[in-house]
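Reader: I'd like a close look at one part of this model, the spot around a buried loop glycine, and how it sits in the rest of the chain. Could you walk me through it in one go?

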Amino acid sequence: MTSDITEISSALYEEFWEVNLTSDLCAHFLSKLKHCNIRILSHATSCSFKIEEPNAITDNDLLCLPEAGLSIDFKQTSNIFLQANLLSEDRLDLVFTSRDRHEQLTIEVPKSEEQSLIFLTKELIKSHDQLPKKATFTKKQRRLCPCCKEKQEKTKSRISCHPLYHIISFACFLNQDVFLEMHGCMASCSRTFLPERECHPQGVISLASTDSIVAIDLAEVFQSIGRIKNIEGEESSIFQCYNSHGNLLLSLIQHNRKLFEAWSQIKEETQGD
């Protein structure tokens, strides 16, 4: 079987293999894995984490990994490709691209997972010499009015002018778990972090825990709404973040009132920015 994997790996250095996976077939594939890494990319957020012994459940076209807080809607999937991992010779990538090409989900499969990889090759539809355009991720470029465009450029050049930057900073300062929900058409994911803040150029802020990393492009967040809600008997601060078209991108939750109490003050101080 090892020789089969060697042949597959060799072929995938020059080819991209389109595979036919339903939610049930994908669940069967995942059930054979001992572990894998998952990466999710959208125009406003990205997330990566590791899963041990994934246990998927399906409901028609919906696949869920409860322990990872991940769901994939196969109705929103355009195509699925098996390809070489550009950063590691020990892994192959199973890449899902959404119909609008604005979301991409990658399952990094170790080559040692021979049974799973052999299973995938049985679902091969077609091999391609180069990756088709329909399988490539494209960053969503929405039309913005001059005011929104100016606001976006300001966030990219000075991230501290965005209210959510201060909320995330304060959440990190409180040294308490943050619950993040990332909302996508094809893939949605929920992660719990004890965050450490790290800023990057161009308005991006990232949160890291021992097993996962989330990055948020604050330049894509044009509206944030905060409120208090009782969750499992605890008063919790909830912030829902929207893009320029009013679509929900992200929800941030922390089980305390302090974060919400800081919200009004932060909004006041950044109002003039």
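Author: Sure, let's start wide and then zoom in. Take contacts between residues at least 6 apart in sequence: 56% of them join residues at least 24 apart. Keep in mind that this is a predicted model. The secondary structure comes to 6 helices and 18 strands. The radius of gyration is 20 Å, close to the 19 Å that the globule rule gives for 273 residues, so the chain is as compact as a globular protein of that length. Along the principal axes, the C-alpha atoms fill a box of roughly 65 × 45 × 35 Å. Of the 273 residues, 47% count as buried. The chain exposes about 14000 Å², with carbon and sulfur atoms supplying 47% of that area. On the charge side, there are 29 positive and 38 negative side chains, and the centres of the two sets lie 7 Å apart.

Now for the glycine. G203 sits in the loop between β13 (196-200) and β14 (204-208). Is this loop residue buried or exposed? G203 has a relative accessible area of 2%, and the cut-off for buried is under 20%, so G203 counts as buried. What does G203 touch, once you set aside its neighbours within four places in sequence? Its contacts are T155, K156, I159, I216, D217, L218 and A219. For a sense of distance, F222 is 19 residues from G203 along the chain, and their C-alpha atoms are separated by 12 Å.

One of those partners, T155, deserves its own look. T155 belongs to helix α4 (residues 146-157) and is buried too, at 3% relative accessible area. Leaving out residues up to four places away in sequence, T155 touches C161, H162, G203, L218 and A219. L218 and A219 are among the contacts of both T155 and G203.

Carry on along the chain and you get to helix α5 (residues 163-173), which is mostly covered, with 8 of its 11 residues buried. Those are P163, L164, Y165, I167, I168, S169, A171 and C172. Just after α5, N175 takes a positive phi of about 55 degrees.

For a helix with a one-sided pattern, go back to α2 (residues 23-31), where S23, C26, A27, F29 and L30 are buried. Seen down the axis of α2, the buried residues fall within an arc of 160 degrees, so they line one face of the helix. What do they pack against? The partners are the strands β4 (57-59), β5 (62-65), β8 (91-98) and β9 (103-110), along with helix α3 (114-121).

Two of those strands lead to a couple of backbone details you may want to look at. Most residues other than glycine have a negative phi. E53, though not a glycine, has a positive phi of about 45 degrees. E53 is in the loop between β3 (45-52) and β4 and counts as exposed at 61% relative accessibility. N60, in the loop between β4 and β5, isn't a glycine either, yet has a positive phi of about 55 degrees. N60 is exposed, with a relative accessible area of 66%. Set those two loop residues beside G203: E53 is exposed and N60 is exposed, whereas G203 is buried.

Notes:
Residues numbered from 1 in each chain as written. Predicted model: local features only at pLDDT ≥ 70, side-chain atom pairs only at ≥ 80, totals over all residues. Heavy atoms only, no water. Buried < 20%, exposed > 50% of the residue type's maximum accessible area, 1.4 Å probe, protein only. Helix = DSSP H or I, 4+ residues; strand = E, 2+ residues; numbered from the N terminus. Arc of directions from axis to C-beta. Contact = heavy atoms within 4.5 Å. Rg over C-alpha atoms; globule rule 2.2 N^0.38 Å. Areas by Shrake-Rupley, 256 points an atom, 1.4 Å probe, with all protein chains shown as cover. Lys, Arg positive; Asp, Glu negative; His and termini not counted. Charge placed at Lys NZ, Arg CZ, Asp CG, Glu CD.
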